[in-house]
Amino acid sequence: MNEKSIKAIVVDDEELARRVIKEHLAVHQEIDLVAECTNGFDAVKVINELKPDLLFLDIQMPKLDGFEVMELLDYQPAVIFVTAYDQHALRAFEVHAVDYLLKPFSSDRFDEAISRVKTRLGGNASAKIIQVTDISNIAKSDMTLERIVVKDGTKVTFIPLADLDYIQAQGDYVLLKTPEKGYLKQQTLTSLEQRLDPNRFLRIHRSFIIQLDKLMRLEQKDTESWVAVLKRDIRLPVSKSGYARLKEKM
Amino acid sequence: MHPILASRTNLIAYTLGWMVAGVIFALLAIATEESLVNSLAFGVLTAICAAIVFFPLYYPCLALKPDKTHTAILLPSLVALAGLFGSIWATAIFFALDLVQRIRNESDQLPSFLNLILMGFIVSVITEAIYYIYISRVRSAESEKLEQKLRVMARDAELRALRAQLNPHFLFNSLNSISALTTANPSQAREMCILLSDFLRKSLRLGEQLTVTLSEELDLMKNYFAIEQIRFSPRLSVEWEIDLETSCAEIPTLLLQPLGENAVKHGISQLIEGGVVRVRVETLGENVLVQIDNPIDPETEAPKGLGLGIRQVNQRLATFFGADGRMEINSSSGIYRVKLFFPMMKKEVNDE
């Protein structure tokens, strides 16, 4: 390891908040601050490009919040969340954040976070190598989703939940189907299901979740199988357990 | 449902009432030198007929509200009703007596039909009066309940507003800004400390009162924005346009503060470049208009519906000003606009 061995990026929309971190970093020669970002969009672009080892990540920011930024990264850097309030602390650890700094913090507390990062990065380096393909898998919902962010190349798209007809499992991906088009996102259907409001979305089949508002009727195919007919005559299979869940809702 | 059938107490009272009336009728009959048996029969028959005939009289009494019907309509209607129901009652008694006599094979003289009608008219008027007393008692009990509910709601909103006041995000972010400024710009750090202290002191003081003047509330908001301007530096600017005529208008404490916080939280802080919050206060005849505009990010504008804060403002407006207070919200071409309308009520200011 040479002297400057940890590449870091600070993401916070408040200039003063970034300044505090930079000041605290000044004594840590081994950390090389390669960029600063002021919003989620920039952060995703810059991080995926520069591939830093460490992120100082604010949670509430314009465009994308800190968690959404993490979902859109191509790899998993070490993350220190820096936020004013501890309502997200639980979720931060669920997405394997290294630490969670509450603003304002002391330099001792900051140094402690840095040494945790070094342990994580230095040690057996496993944390750095592990590709967390499915962050939300562990993100047990402390709040249900209002929108889903997907990345298509460098373009980030927001899909409001209200637009979704259904979600289909496709291997390691889910297909998010709106009336206009379908979006692929790297996530499992089960992990997504956990973050959706169960009163609005229902798993009707191993491979399908539908938005209940879009359901027009159920048709019986034979004794053991049914077909859910959504608006615009979208027909999806309903499994036996899916049928039981539907019955319960209706 | 008819209240007499709706509660057992009412049914018993109604039955007892007509039994007493029956006794009175019987006594009246004895006074006119009828035989005891005939008088008793008369009493029983009149009471039974009355209990049946006057039962539906409740509905027109309920419909003709004394406070909402013009006296020129109300009085003749009541007289006509009394005449109608009295006549029906008299007719019923007349035939009942006739029937009884035929069964008993007697031919005593029946009481004069005219007298019966007169009696029926008097009994009708008394019944109407009793129904009206009953209705007004029920109504006043209901309105008291409603008033109590409104009071509870008002206090509730008050408490919630105060709790929201100690918005932890705001406090900790402000403290973090101070922490950043201590090394880079100590004098600004001190300024921020003073602004924050002023803000907290003002909120605590206002929190003790139920109502404040519009200018006190706007002062607090200015203080709030001054703090957020340091935090967001060039991203937040605020423009004020305030008609001084409105400064002593009375409003519920901390009515506007949540709107200011919303403008920052859902507007400015979501925008990379930030923007301008515009606060405008003007008089519209007898009313005051408060309008707060803030830019929003059209791209990430989530369909969240009305936030809790906004709903509370609306509720408090309605609780305090009744139908005269209202709120309008619209959001178009990247500007979110909240308008509050309420009547101008001058608050007595004691300068002690």
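A residue counts as buried here if 20 or more other C-beta atoms lie within 10 Å of its own. By that yardstick, 38% of the 250 residues in chain A are buried. For chain B, the buried part comes to 29% of 352 residues. Everything that follows refers to a predicted model, with an ipTM of 0.71 and a pTM of 0.64. In chain B the mean pLDDT is 86, and 92% of the residues reach 70 or more.

On to the overall make-up of the two chains. Chain A holds 8 helices and 15 strands, while chain B has 11 helices and 7 strands. Contact order tells a bit about how each chain is wired. Taking contacts between residues at least 6 apart in sequence, 54% of those in chain A link residues at least 24 apart. In chain B, 71% of the contacts picked by that 6-residue rule join residues at least 24 apart.

Chain A offers a neat hairpin to look at. Strand E6 of chain A (residues 147-152) and strand E7 of chain A (residues 155-160) run antiparallel and are joined by 6 bridges. One pairing puts A:Ile148 in register with A:Ile159, its bridge partner in E7(A). The hairpin made by E6(A) and E7(A) leaves 2 residues between the strands, and A:Gly153 in the turn takes a positive phi of about 65°.

Chain B has a hairpin too, and E7(B) pairs with two strands. Strand E6 of chain B (residues 326-332) runs antiparallel to E7(B), with 7 bridges joining them. Within this pair, B:Asn330 sits opposite B:Arg337 of E7(B). Between E6(B) and E7(B) there are 2 residues, which makes the two strands a hairpin, and B:Ser333 in the turn has a positive phi of about 40°. E7(B), spanning residues 335-343, also pairs with strand E5 of chain B (residues 287-295), again in the antiparallel sense, over 9 bridges. There, B:Val290 has B:Leu340 in E7(B) as its bridge partner.

The helical part of chain B is well illustrated by H8(B). This helix covers residues 186-207, 22 residues in total, and runs 31 Å from its first C-alpha to its last, close to the 32 Å expected at 1.5 Å a residue. Its buried residues are B:Met192, B:Leu195, B:Leu196, B:Phe199 and B:Leu206. Because these cover an arc of only 105° around the axis, they fall on the same side of H8(B). What do they pack against? The buried residues of H8(B) meet H7, strand E1 (211-213) and H9 of chain B. The face of H8(B) turned away from the buried side carries exposed residues, namely B:Pro186, B:Ser187, B:Ile194, B:Ser197, B:Arg201 and B:Leu204.

Finally, the contact between the chains. Chain B puts in 24 residues and chain A 22 residues. On the side of chain B that touches chain A, helix H7 (168-184) and helix H9 (214-232) each supply at least two residues. H7(B) gives the largest share of that side, with 12 residues. Sorted by class, the chain B side has 11 nonpolar, 10 polar and 3 charged residues. H7(B) and H9(B) thus turn up twice: both are packing partners for the buried residues of H8(B), and both contribute to the side of chain B that touches chain A.

Key
Residues numbered from 1 in each chain as written. Chains lettered and ligands numbered in written order. Predicted model: local features only at pLDDT ≥ 70, side-chain atom pairs only at ≥ 80, totals over all residues. Contact = placed C-beta atoms within 7 Å. Helix = DSSP H or I, 4+ residues; strand = E, 2+ residues; numbered from the N terminus. Nonpolar A, V, L, I, M, F, W, Y, C, P; charged D, E, K, R; others polar. Buried ≥ 20, exposed ≤ 12 C-beta atoms within 10 Å, placed from the backbone. Pairing = 2+ DSSP bridges. pLDDT = per-residue confidence, 0-100. Expected span 1.5 Å × (residues − 1). Arc of directions from axis to C-beta.
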